[in-house]
There are 2 protein chains.
Amino acid sequence: MVKIAIDMMGGDEAPGIVIEAIKKAINDFPDLEILLYGDEKQYNYQHERVIFHHTDEVITMDDEPVRSIKKKKNASMVLMANAVKEGTAEACVSAGNTGALMSSGLFIVGRMKGIERPALVATFPTVTGKGFVFLDIGANSDAKPEHLVQYAKMGEIYAKQIRSIEKPSLALLNIGTEESKGNALTKKTYELLKEEKFDNFIGNIEAKSLLLDTCDVVVSDGYNGNMVLKTIEGTATGIFKMLKEAMTASPKNKLAALTLKKDLKQINNKMDSAEYGGSVLLGLNGVVVKAHGSSNERAFYNAIKQAKLAADTKLVDKMKKAVGEINE
Amino acid sequence: MVKIAIDMMGGDEAPGIVIEAIKKAINDFPDLEILLYGDEKQYNYQHERVIFHHTDEVITMDDEPVRSIKKKKNASMVLMANAVKEGTAEACVSAGNTGALMSSGLFIVGRMKGIERPALVATFPTVTGKGFVFLDIGANSDAKPEHLVQYAKMGEIYAKQIRSIEKPSLALLNIGTEESKGNALTKKTYELLKEEKFDNFIGNIEAKSLLLDTCDVVVSDGYNGNMVLKTIEGTATGIFKMLKEAMTASPKNKLAALTLKKDLKQINNKMDSAEYGGSVLLGLNGVVVKAHGSSNERAFYNAIKQAKLAADTKLVDKMKKAVGEINE
């Protein structure tokens, strides 16, 4: 049995989509047990593998991260993180306040030895559907070169364990492919990465190559990573908006669009972050998965699946071992 | 008569596309005169409004920027910049080595009083086709908050003069819309921007809103601006690649695609940087336009058009006046 703790109250569409996602996950995975934290008045599902814990307290999107997790000791998110800390659950998932979830990870679940700053990692879509591992996508806005080296180590292990890539290629996100390109942060990081032992460090990667299956793991500081993530999202939204307009512009176009509907839907799905589950906060003593605040049922379901995969593959243990080995 | 100096030897497809673009521009604008610098053996066009200057020397893509413009005194790019410095030409255009062109701008054309760092500005596509002014898209990788404030001033003037927007809305590119969001650079910049007098400073803008006609001028440091530019480019390329595959996947799809061809082409054109000309290096004592290294004929033609518009509207004079006024 794999035990996952879930915050029922986090996210724009909670608790509705959270409960629906849980129903589907419970149905799909016979070895899944869920510890669920939330308001009993909004909970209307019963299953022997869902253990419900009532709480009135909730961390809202406006709550100040660090203060709220210290003051709201019974918030659904805090109780969920406690379950991981105490070993009652092997992983946890929330679509709530990102800052508060990060603080829960840092101050409740705790930092892994050898890692100064945890990083948010996600698998990103590419044209072929293969995808790439991208970190940090927003945990730390002001990172140092040393932090990026740690992200690279964690990303390599993540690609090996979660994505089963034997010798993942690793690249540094930069504004040019040449070694001399970049800002002070990326220039120094490049130097440090060269000195470390990675399976396959291939140098810098430009943002324009990200979707073209150029490499398996891409490392960036959290500010730029988050910026690139939102740019991809916004560009895809903009283009699909224009496509939709074109395809409904005339009866003839509408008819043609009908033929292409299935294929276009597939492309849209490929670019849809909901398909790739949540992002994982790496560098902690447990698995903390952040589902998008605007998660729908499918997105939250995929986040649960991702948490389960991390638990199944013993990601944290393997990362501890590898980080320990690397640091020795 | 408007005189534009052009580097015939810069860019991946030079001099072929440069000469073709010039033919079209000469034909379209009866008040345009071109001072052209390049190798006579590769020049096969004659027109009374094109004054050709032969030179054997060329700055290549591998040349070290500052050293090359100092050593290669007869390089086509250097001669072109000299023409602007000496007042023989009112503007100049090159698709050559970006770093060398920046150095030519700084050390030959010269910096405008009151501006510490020039910035590269371009007009970016949006869903409606309205577009927005975006700077710095790559002139300086490590910028300070004070530099970003200067970019904002220049961007506002550029939008007024070149794009005829009376009271342009101005936003700071950031990873969240709230004032407290961002890294050390954007947080400090936000504070400084609030203290200045702009026509319409609307706060932070997220990268996901860029293509949705949210504002007229977007300010960023050159590293992030360049990153976002390349992300938009790469995402659009990736999506159009998937679309093309879908549309040729079956005879039925091919037929449907035929109906939509014209509309899809229009969307692709909207996202194509070639339609938006080059980028202008703002903050100099003259107009320096950088055409993309991989410019085709249309892109280079649009860059010439842009240089002419900057000359026609006396952009540099107006910017000097405005920066002077602001600094007083």
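Here are a few short exercises, each with a worked solution.

This is a predicted model, in which local features need pLDDT of at least 70 and side-chain atom pairs count only at pLDDT 80 or more, while totals for chains, interfaces and linings use all residues. Residues are numbered from 1 along each chain as its sequence is written, chains are lettered from A and ligands numbered from 1 in the order in which they are written, and side-chain values use heavy atoms, with hydrogens and water left out.

**Exercise 1. Place a residue**

Find where B:I4 lies, and decide whether B:I4 is buried or exposed.

Solution.
- Start with the element: B:I4 belongs to strand β1 (residues 2-7) of chain B. Strands (E, at least two residues) and helices (H or I, at least four) are DSSP runs, numbered from the N terminus.
- Next, check the surface: the relative accessible area of B:I4 is 0%, so B:I4 is buried. Buried means under 20% relative accessible area, exposed over 50%, and partly exposed in between (1.4 Å probe, protein chains only).
- Then look at the neighbours: leaving out residues up to four places away in sequence, B:I4 touches several residues, including B:L32, B:A89 and B:K308. Contact means heavy atoms within 4.5 Å.

Now try B:S68: which element holds B:S68, and which residues does it touch?

Solution.
- B:S68 sits in helix α2 (residues 65-71) of chain B.
- Its relative accessibility is 5%, so B:S68 counts as buried.
- Not counting residues up to four places away in sequence, B:S68 touches B:I59, B:D63 and B:A100.

**Exercise 2. Follow the rings**

How many aromatic pairs does the structure hold over all chains, and what does the pair of A:F29 and A:Y301 tie together?

Solution.
- Over all chains there are 12 aromatic pairs. Rings of Phe, Tyr and Trp (its six-membered ring) pair if their centres lie within 6.5 Å; planes under 30 degrees apart count as stacked, over 60 as edge-to-face and the rest as tilted.
- A:F29 and A:Y301 form a stacked pair, 6.3 Å centre to centre with 15° between the planes.
- A:F29 lies in the loop between α1 (16-28) and β2 (32-38) of chain A, and A:Y301 in helix α9 (residues 297-312) of chain A, so the pair ties together parts 272 residues apart in sequence.
- Both A:F29 and A:Y301 are buried.
- In chain B, the ring centres of B:F29 and B:Y301 are 6.3 Å apart and their planes are at 15°, so that pair is stacked.
- A:Y301 has another partner: A:K24 lies over its face, at 4.7 Å from the ring centre. A charge sits over a ring if NZ of Lys or CZ of Arg is within 6 Å of the ring centre and within 35 degrees of the ring normal.

**Exercise 3. Describe the interface**

How many residues of chain A are in contact with chain B, and which element gives the most to that side of chain A?

Solution.
- 45 residues of chain A are in contact with 45 residues of chain B.
- Together the chains bury about 4400 Å², 74% of it on carbon and sulfur atoms. Buried area is the accessible area (1.4 Å probe) that two parts lose on being put together, summed over both.
- A:I175, A:Y223 and A:M242 supply 16% of the area that chain A buries against chain B, more than any other three residues.
- The rule finds two salt bridges across the interface of chain A and chain B. A salt bridge is a side-chain nitrogen of Lys or Arg within 4 Å of a carboxyl oxygen of Asp or Glu.
- A:K230 forms a salt bridge with B:E206, with the closest N and O atoms 2.6 Å apart.
- On the side of chain A that touches chain B, α7(A) gives the most, with 20 residues.
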